Amino acid sequence: MADAPLVVGTPVQGRQVTTRPVRRSPLPRLAAAGGVLLALVVLAGGAWALLRSGGGDDDGGGDTQPAEPLQSTATVLEPVAADAVDPVLGLPLRPHVRLDHPDGARADIPGGSALYGDVMDLRRVDLAEDRLWDHGGTGWEFVSFVGVPIEGEAVIDLPAGAAGSVPLVRTAIGLWLELPFEPVTLAGGEGVRVRVTNVPAPWVFALATPRPHAPALTADDLDALRLEQLYWTDRAAWEAEVLDWLATEELTAHVQQPLLAFQDPSPAETYDRIRGQLRYTTKMFAAARAGLTGDLTIAPAVPLPGLALSSTAVWGAAVQRLYAVQQNWLEFRASLGDLSVQGPNFRVAIYFVDEWIETAMHDYTPWGIDFVKTLLDTGGLKGFDIRVLKPYGELKWIDVQIDAGDMPAIDEAVNDVLAAETVAPIAGTPNIHRVMRLYSVRAMERLAVVDWLKENVDWIVRWLPVGLAAVGLIPGAVGLSFAFAAADQILSWVQDWYTAGDASPYAFLNFEAASAGGLGGTSFLMDMWEEKVLMSREARPMLASHGLTIAQFAYSVGMYTAVRGTDWYLFKTLREINAGTRGYCAWSVCDEITGAIPPVMVHVRATGLLARDPGDYPTGVDRMMAYRLETGAMDYHTGWLQGHRTPNGALADLGFNEYGRKGWPLVVQRTAPEYQAIRLAIPKAAIPPEVWGDRPADTALSEFGAYVTLEAPSQSSVTIDLTAPATKLPTDRADTFYATVRVRDKDAKGVGGLTLYTFEDGYDAPEAHEGTMAGSQQPQMLLKGTVGFADDRIEPLTFDLDFSKLPMRQALLTDLLSDEPILTSNDQWVRVQYAAVTLQQEIFGNYQLTSWQFLGGSPELVQIYMNGDLYYTGRNCEMDPAGCTFSVTQSPARGADPAYIRAMVCGPGDGTTSTCIALADSRSWAAQHTDSTGLPPTAHDNFVQIAGPILTGSDDVNSSWNPGEVVTINHWNEVHAEFDGDRVTGTITTGQVVWDVVNGQKANIREIAVKVAFEAKRVK
């Protein structure tokens, strides 16, 4: 049977977060904040007590469902560090514990990895009557909620039963198996000790004596029990024998017709044949355990050692057999007519096989055997992991991949939802991920405390601090402020961890009001903190290979694990989903919490970027939709006894309907910071002498009516008057003004009089230097800035900012007047991007020459220059500098595309016309000669570089080439100009490549040059 590969989640990497050290505030504020947390703990403790006490109606739905209280107490024998992690699996480690039951039983459980937490229990349970053994109707069950098999030797001590009784364990083949044991003395008397290693829980034990006159086991029964004995006592020997057996068996992947023909005249013979087929089928189910491990990173579809089969393939083939046996049995049982006419022993035998088949369906196809078989037949279980089934493991659910088009009705419904979205529409084509989630029988267990906390946690976070403030136990605003500050700190941890190693610095998570079923963002984050506690204590689901570390929690705050991975909004109503249903009953015991049919859900996740204006920070949209398989009030137990089929059909034909649409999560992952802090360095030389006048050198920038305007491509803008200088830094220059401005998100807490302890040095500023972008109301990623002045004689200075290239950090705001920050309820952590802008004067324009000085050069060119032939202007610029200009132009107009820059000297040519000499051009030679047959030159190519107040560049005058060869620049000009206010000084170099001709060939190729220096003043 071919298997599709398992889809395995990718582990998420985390890193250590380093923050500035802070000291805690003294009482009473700390006490008030602590009181809030204490109250939360008290309420959680009350819920825990509810879990321990059980109670409620036995109706299978809602919050009144019995809690299956813990019956034993746990004592830690070997503790582990809170952050201890398995180095191979990446899962948290749980301690070595001893469980003590008040009736005298105890279990010594070694430490190990834990997927869901460390909750375990040893409890007394009721057992169905067995035809071979007399156990008195009760037994012992060890229940593990750690999510992976217990590795190492677990020691179970049970009070001794009636005289002659031996310890038994229920096996995967449906029969009780006698375990090796040793006598032991317990606190309450004599007992027996059994040992278990690496067997998935639950383990069900009984102390029993053989029934008198019990039917004799066949040779096949005895051989199956012998093999099970190896499974429990010698795993290597068991696996070797099972693999040898599988290698010789022809496992049927698809069984469409019953396996048996009813041609035996004797019902007893038919019964024996069907029972033999059932025994063979359960042996296959038991064999599927081969190769399974607790390592959740290993796909179960990996072939078994030495075989082309996987555990999943063996299970699938066994399902096909079980389906055929079930159909055979129903036909046979119907042929018997009224069972009351049969002998009592035969009637008992019939009921035994009824229970055996139903127990197999409960254990291996709890969602309905017809449903599972159809999915197997049609390939609808891609990536199925059999460890979601009780005999194989402890997974709470498993997701199987659904491809686009597999379920057209759901695809259409999803498209309708996305098309109608107005709150956070996804721009373009969204990424859609579809999975079908099959919940396990285990997922129906132990949810009372989870349900209670989830129903009340919003009330706790929102109203408990208010109530405490109302009675005077805490200052009025402290509790809620603390909650908000804590939530914001959590987000800060998330951002530092989530962005580790990512080229993009933007991954901050702001939860919108629609998040998590309508709860506010802060409440949702506090809920998530409670969720972390529940995951560690209450068998809560987690992603494979992730531990309960800050990284796991941080990731859980995100969409995929917090809402979907931990099933935040679905899990609390898990029992409600299929309330009123009854699944198959293991050994006809139907009055337990796991009796409902495990739900089958389809989760659809749509992600993409929010439609945004140019310049907006990217905003991710992550939404989930849920659909459930409608089972109505189906009763698999009754239906099985009456011969009814369970739901079945290909994925496209199954009846999935919307579930909990009002609570569908929407997470908007905004990357915009709360603040942008911009430190401006403005040269004092930008103020012309006629405006500066006789003011002293330390005159403030505000004297000149300075302001800065920041404009985004969307036309959203803000203007801030520069009324105060920035705090000086050691690197500040005396010839420069410095000012800091902040752009604030409209929803961010205003700085006001708060002290900015952890803002970077030099970035503090008065409240008047803070503004919000008009229009967008949020910081914008791309900005064009202009520093202007009240006096029109001062030229504006411009600059561009691209915040996508700048880091984002945290800053601490507090209202306490102290030399060091003290974390209190009024503190707030915010996210800030910093930008340092050094403005330069506008270099574009015309400058009239005031000086022209020849500096000399190669003799050949010096002679040409002296003759007045080197430049088209001759020596006119030297004789009369005022008649010449130096200019820097941008063409086309600034902002157009493509734009290029040119620098040139212009002056009189022959005395009647003006001639310009190109000194630099930002366009390469190839860009100016697009129709050339030559290759781009490798030297003296055209360019312009502007670095602050310095411009350098080159422009060619003459070039030569042969088709297909590299162009040679034979004659070129170069310029180096330094701008200072309205003045410019620089040099101009003219270079040539020259050579001699020897025997008709080029020889002595060399470069020659001359240089002049010039000064010029801007023409107003």
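**Group meeting: a walk through the model**

Let's start with one side chain: Trp-692 is buried, with a relative accessible area of 13%. Keep in mind that we're looking at a predicted model. So who is Trp-692's partner? Trp-692 makes an aromatic pair with Phe-704, and the pair is tilted, with 5.3 Å from centre to centre and 35 degrees between the planes. Trp-692 sits in helix α18, residues 689-692, while Phe-704 is in the loop between α18 and β23, and the two are 12 residues apart. Phe-704 is buried as well, because its relative accessible area is 4% and the cut-off is under 20%.

That pair isn't alone, by the way: searching the whole structure turns up 22 aromatic pairs. There's also an aromatic cluster, made up of Tyr-271, Trp-329, Phe-332 and Phe-346.

Rings come up with charges too. Arg-235 has its charged end over the ring of Tyr-231, 4.2 Å from the centre of that ring. Then there's Lys-373, which lies over the face of Tyr-323 at 4.9 Å from the ring centre.

Okay, on to the cores. Nonpolar side chains in soluble globular proteins tend to be buried together. In this model the largest nonpolar core has 136 residues, and the members touching the most other members are Trp-203 and Trp-315. Which helix gives the most to this core? That would be α5, residues 311-335, with 12 residues. Apart from that core there's another one, of 35 residues, and Phe-704 from a minute ago is among them, along with Phe-737, Val-743 and Val-837.

Let's zoom in on Trp-203. Leaving out residues up to four places away in sequence, Trp-203 touches a whole list of residues, including Trp-140, Phe-142, Ile-150, Val-196 and Trp-232. Glu-141 is on that list as well.

Now look one residue back, at Pro-202. Is the peptide bond from Ala-201 to Pro-202 cis or trans? It's cis, with omega near 5 degrees. Pro-202 belongs to the loop between β14, residues 189-197, and β15, residues 203-210. For background, most peptide bonds are trans, and most residues other than glycine have a negative phi.

Speaking of phi, I've got two residues to show you. Gln-715 has a positive phi, near 75 degrees, and isn't a glycine. You'll find Gln-715 in the loop between β23 (707-711) and β24 (717-721). Asn-999 also has a positive phi, near 55 degrees, and its loop runs between β40 (983-998) and β41 (1001-1018). Are these two buried or exposed? Gln-715 counts as exposed because its relative accessibility is 55%, and the cut-off is over 50%. Asn-999 is exposed too, at 76%.

Last stop, a sheet. We met β14 just before Pro-202, and β14 is also part of an open sheet of six strands. The order goes β2-β4-β5-β10-β14-β13, and the pairing is antiparallel. Which strands are at the edges? They're β2 (73-78) and β13 (182-186), each pairing on one side only. From one strand to the next, the twist averages 25 degrees. If you follow β13 over to β14, you'll count five bridges in the antiparallel sense. And there, Leu-186 stands opposite Gly-189 in β14.

Key: Residues are numbered from 1 along each chain as its sequence is written. This is a predicted model: local features need pLDDT of at least 70, side-chain atom pairs count only at pLDDT 80 or more; totals for chains, interfaces and linings use all residues. Side-chain values use heavy atoms; hydrogens and water are left out. A nonpolar core is a set of buried Ala, Val, Leu, Ile, Met, Phe, Trp, Tyr and Cys residues joined through side-chain atoms within 4.5 Å. Buried means under 20% relative accessible area, exposed over 50%, partly exposed in between (1.4 Å probe, protein chains only). Helices (H or I, at least four residues) and strands (E, at least two) are DSSP runs, numbered from the N terminus. Contact means heavy atoms within 4.5 Å. Two strands pair if DSSP finds at least two bridges between them. Axes are lines fitted to C-alpha atoms, for helices over the stretch in contact, and angles run from 0 to 180 degrees between N-to-C directions. Rings of Phe, Tyr and Trp (its six-membered ring) pair if their centres lie within 6.5 Å; planes under 30 degrees apart count as stacked, over 60 as edge-to-face and the rest as tilted. A charge sits over a ring if NZ of Lys or CZ of Arg is within 6 Å of the ring centre and within 35 degrees of the ring normal.
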